[in-house]
Amino acid sequence: MKKENLLFLVIPVSQILILLGNITGKRSLNFWGYGGIVLSVAADLLLLYVLIWSSRREKLRKELQELSYLQETERMQNEMLEAKQKELLDMRSDFEKRLEEIREKLKRGEEEAACLEMDAFQVSLDETRPADYCQNAVVNAILSEKEKEFQKLGIKTEFALLIPRGLKLDPLHLCSLFSNLIDNALEALAEIPEERRKFELNAEMKGAYLFVKARNTSEKSHAVRKRRKGRGYGTQILQELAETYEGNYQAGYEKGWYTAVVMVKAVQGR
C-alpha cells in the first residue's frame with residue numbers, strides 16, 4: 001500500500017474516536033446513532049476493499065510491465081541470434097567465392113588485384129560485425145534494437161558505456177532501466193525538428209553502484225508535461241527501480257536538454 005493511502009485511515013480513526021467519546025461520556029445511543037455506526041463500519045469496509053483492490057491492481061500493472069519487457073528482451077535476443085546466423089551463412093558463402101577468385105588471380109600473377117580484393121573483403125567483414133557498446137550482453141541487445149529507431153528518426157547519438165558483465169541486477173530490471181530511459185528520450189525527440197535531435201548515454205560503475213545518465217534535446221513543454229493517458233509510466237518505473245536497488249533517480253530540464261540520472265546498487269558485499 002502506498003504511503004499516501006495511509007491518509008484514508010484518518011476517516012476510520014476519527015469515527016472510532018467519536019464512538020469512544022460517546023461511550024466514555026456515558027451518552028446513550030438511539031436508533032439513528034446505532035444506524036450511523038453500522039453505516040460507518042460498512043463505509044470503512046468498503047474503503048478497505050477499495051484500497052486493497054487498488055494495491056493489487058498496481059501490483060498487476062507492474063507484473064504486466066515486467067512481462068512486457070521480458071518478452072521484448074527475448075524477442076531482441078532471438079532477432080539478433082537469427083541475424084547473426086544469417087550473416088555467418090552469407091559470410092561463409094561469400095568467403096568461399098572470394099577466396100577462389102583471389103586464388104585464381106594469384107595463379108595468373110595478378111598480385112595487386114588480389115590484394116585489392118582482400119582489402120575489399122576485409123571491409124565487408126568489418127561491416128558485418130555486431131556493435132559492442134559494452135561488455136554487458138543485455139545492454140548490447142537493447143541498444144542494438146534501439147539503434148534502429150535512432151537511425152529512423154535521424155538522431156545523433158553518443159554512447160560512453162563502461163558496464164561489466166557480472167552485475168548483481170535482475171536482467172529484466174536492467175532491461176527495464178535502459179529501455180525506459182531510451183523510450184522517454186525517443187518520445188521527446190520525435191517532437192522536435194530532426195536537425196536538433198541529439199541523444200547521449202553514459203554509464204559507469206562507481207564502487208558498488210551503477211550510474212546511468214541519459215541526455216536528450218527537448219522542448220520545455222514536453223519536459224514539464226504531465227503524464228499522458230496510456231503513457232508516462234517510464235519515470236515512475238525508474239523511480240521504483242532506484243528504490244529497489246538502494247539508489248536514486250533524478251531528472252530535470254535545462255537550456256534545451258532533458259537529463260535523467262539513475263543510480264542503482266549493482267554489486268553485493270560493498
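Hi everyone. Reading from the N terminus, the elements of this chain run α-α-α-α-β-α-β-β-α-α-β-β. That comes to 7 helices and 5 strands. Please keep in mind that this is a predicted model.

A few words on the chain as a whole. It has 270 residues, and 29% of them count as buried. Its accessible surface is about 18,200 Å², with 56% of that belonging to carbon and sulfur atoms. If we take the contacts with a separation of 6 or more, 69% of them are between residues 24 or more positions apart.

Let's turn to the aromatic rings. A pair of aromatic rings is described by the distance of the centres and the angle of the planes. The structure holds 4 aromatic pairs. One of them is Phe 150 with Phe 199, a stacked pair with 5.1 Å from centre to centre and 25° between the planes. Phe 150 belongs to helix 4, residues 137-153, and Phe 199 to strand 2, residues 198-206, so this pair ties together parts that lie 49 residues apart in sequence. Are these two rings buried or exposed? Both Phe 150 and Phe 199 are buried. For Phe 199 the relative accessibility is 1%, and buried means under 20%, so the label follows.

Phe 199 has another partner, Phe 159. Here the ring centres are 6.4 Å apart and the planes stand at 65°, so this pair is edge-to-face. Again distant parts of the chain are linked: Phe 159 is in strand 1, residues 156-162, Phe 199 is in strand 2, and 40 residues separate them. Phe 159 itself is partly exposed, at a relative accessible area of 24%. Putting the group together, Tyr 133, Phe 150, Phe 159 and Phe 199 form one aromatic cluster.

Rings also have charged neighbours here. Lys 206 lies over the face of Phe 211, 5.0 Å from the ring centre. In the other example, the charged end of Arg 215 sits over the ring of Trp 257, at 4.2 Å from its centre.

Now for the salt bridges. Side chains of opposite charge can pair when their charged atoms come close. How many salt bridges does a search of the whole structure find? It finds 7.

Let me start in helix 4. Glu 145 and Lys 148 meet in a salt bridge, at 3.6 Å from N to O. Both residues lie in helix 4, 3 residues apart, which is about one turn of the helix. Glu 145 counts as buried, with 14% relative accessibility.

Lys 146 reaches a partner elsewhere: it forms a salt bridge with Asp 183, and the closest N and O atoms are 2.7 Å apart. Since Lys 146 is in helix 4 and Asp 183 in helix 5, residues 171-189, the pair ties together parts 37 residues apart in sequence. Lys 146 is buried, at 8% relative accessible area, whereas Asp 183 counts as partly exposed at 25%. Glu 149 joins in as well, with Lys 146, Glu 149 and Asp 183 linked in a network of salt bridges.

My last example is Lys 265 with Glu 246, whose side chains meet in a salt bridge at 3.8 Å, N to O. Lys 265 is in strand 5, residues 257-265, and Glu 246 is in the loop between helix 7 (234-244) and strand 4 (248-254), with the two positions 19 residues apart in sequence. Lys 265 counts as partly exposed, at 22% relative accessibility, and Glu 246 as exposed, at 52%.

Thanks for listening!

How values were computed
Residues numbered from 1 in each chain as written. Predicted model: local features only at pLDDT ≥ 70, side-chain atom pairs only at ≥ 80, totals over all residues. Heavy atoms only, no water. Phe/Tyr/Trp six-rings, centres within 6.5 Å; stacked < 30°, edge-to-face > 60°. Helix = DSSP H or I, 4+ residues; strand = E, 2+ residues; numbered from the N terminus. Buried < 20%, exposed > 50% of the residue type's maximum accessible area, 1.4 Å probe, protein only. Lys NZ or Arg CZ within 6 Å of the ring centre and 35° of its normal. Contact = heavy atoms within 4.5 Å. Areas by Shrake-Rupley, 256 points an atom, 1.4 Å probe, with all protein chains shown as cover. Salt bridge = Lys/Arg side-chain N within 4 Å of Asp/Glu carboxyl O.
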